[in-house]
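The briefing below is meant to be read alongside the sequence and the coordinates. It moves from overall architecture to sheets, a side-chain pair and model confidence.

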Amino acid sequence: EPVDLTLESGHLVRGQVVDVSGRRIGGVCVVLDQWHCHTDPQGYFHWSVKAPVPQEVTLQVYKKYSHQYGELETTVALSQLESEPITLKNR
């Protein structure tokens, strides 16, 4: 059966996940509110936010199937995601 879809433009949010030494971490799960994405091999993630753009989001970051890094859960301003990398601490 046919399905009608409507695409709306959004606000692009970008960020990067690194370890405590500043090394980029690929394959990290990044959950912003209820939206889930993964970092690319250079540790970057991209997310599109539908208007109205929230000032803050709940952030959860973890590396699945790895015991090398801890998890992070916090509330963060969207502007902070683009200006500062997210740091995952080693266990």
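Read from the N terminus onward, the protein follows the pattern β-β-β-β-β-β-α-β, which amounts to one helix and seven strands, where helices (H or I, at least four residues) and strands (E, at least two) are DSSP runs numbered from the N terminus. The model is a predicted one, in which local features need pLDDT of at least 70 and side-chain atom pairs count only at pLDDT 80 or more, whereas totals for chains, interfaces and linings use all residues. Residues are numbered from 1 along each chain as its sequence is written, and side-chain values use heavy atoms, with hydrogens and water left out.

**Overall dimensions and packing**

- The C-alpha trace of the protein spans about 50 × 30 × 20 Å along its principal axes.
- The accessible surface of the protein, from the Shrake-Rupley method with a 1.4 Å probe, comes to about 6,400 Å², and carbon and sulfur atoms account for 49% of that surface.
- Of the 91 residues in the protein, 33% are buried, a class that means under 20% relative accessible area, with exposed set at over 50% and partly exposed in between (1.4 Å probe, protein chains only).
- Among contacts (heavy atoms within 4.5 Å) between residues at least 6 apart in sequence, 52% join residues at least 24 apart.

**The four-strand sheet**

- One open sheet has four strands in the order 3-2-5-6 with antiparallel pairing, two strands being counted as paired if DSSP finds at least two bridges between them.
- Strand 3 (35-38) and strand 6 stand at the edges of this sheet, and because each has a single partner strand, one side of each is left without a neighbour in the sheet.
- Neighbouring strands of this sheet are turned by 25° against each other on average, direction ignored; the axes behind such angles are lines fitted to C-alpha atoms, for helices over the stretch in contact, and angles run from 0 to 180 degrees between N-to-C directions.
- Strand 2 (residues 29-32) pairs with strand 5 (residues 56-62) in the antiparallel sense over four bridges, and L32 has L59 in strand 5 as its bridge partner.
- Strand 5 also pairs with strand 6 (residues 72-77), again antiparallel, over six bridges; among the partners in strand 6 are T75 for T58 and E73 for Q60.

**The three-strand sheet**

- A further open sheet of three strands has the order 4-1-7, with mixed pairing.
- Its edge strands are strand 4 (44-49) and strand 7 (86-88), each of which pairs on one side only.
- The twist in this sheet averages 30° from one strand to the next.
- Strand 1 (residues 11-19) and strand 4 run antiparallel and are joined by six bridges, with H11 standing opposite V49 in strand 4.

**Salt bridge**

- A salt bridge is taken as a side-chain nitrogen of Lys or Arg within 4 Å of a carboxyl oxygen of Asp or Glu, and by this rule the count comes to one.
- That salt bridge links the side chains of D19 and R23, at 3.0 Å from N to O.
- D19 is buried, with a relative accessible area of 3%, whereas R23 is partly exposed at 47%.

**Confidence**

- The mean pLDDT (the predictor's confidence in each residue, from 0 to 100) of the protein is 89, and 100% of its residues reach 70 or more.
- Confidence is lowest in helix 1 (residues 78-83), at a mean of 86, and highest in strand 7, at 94.
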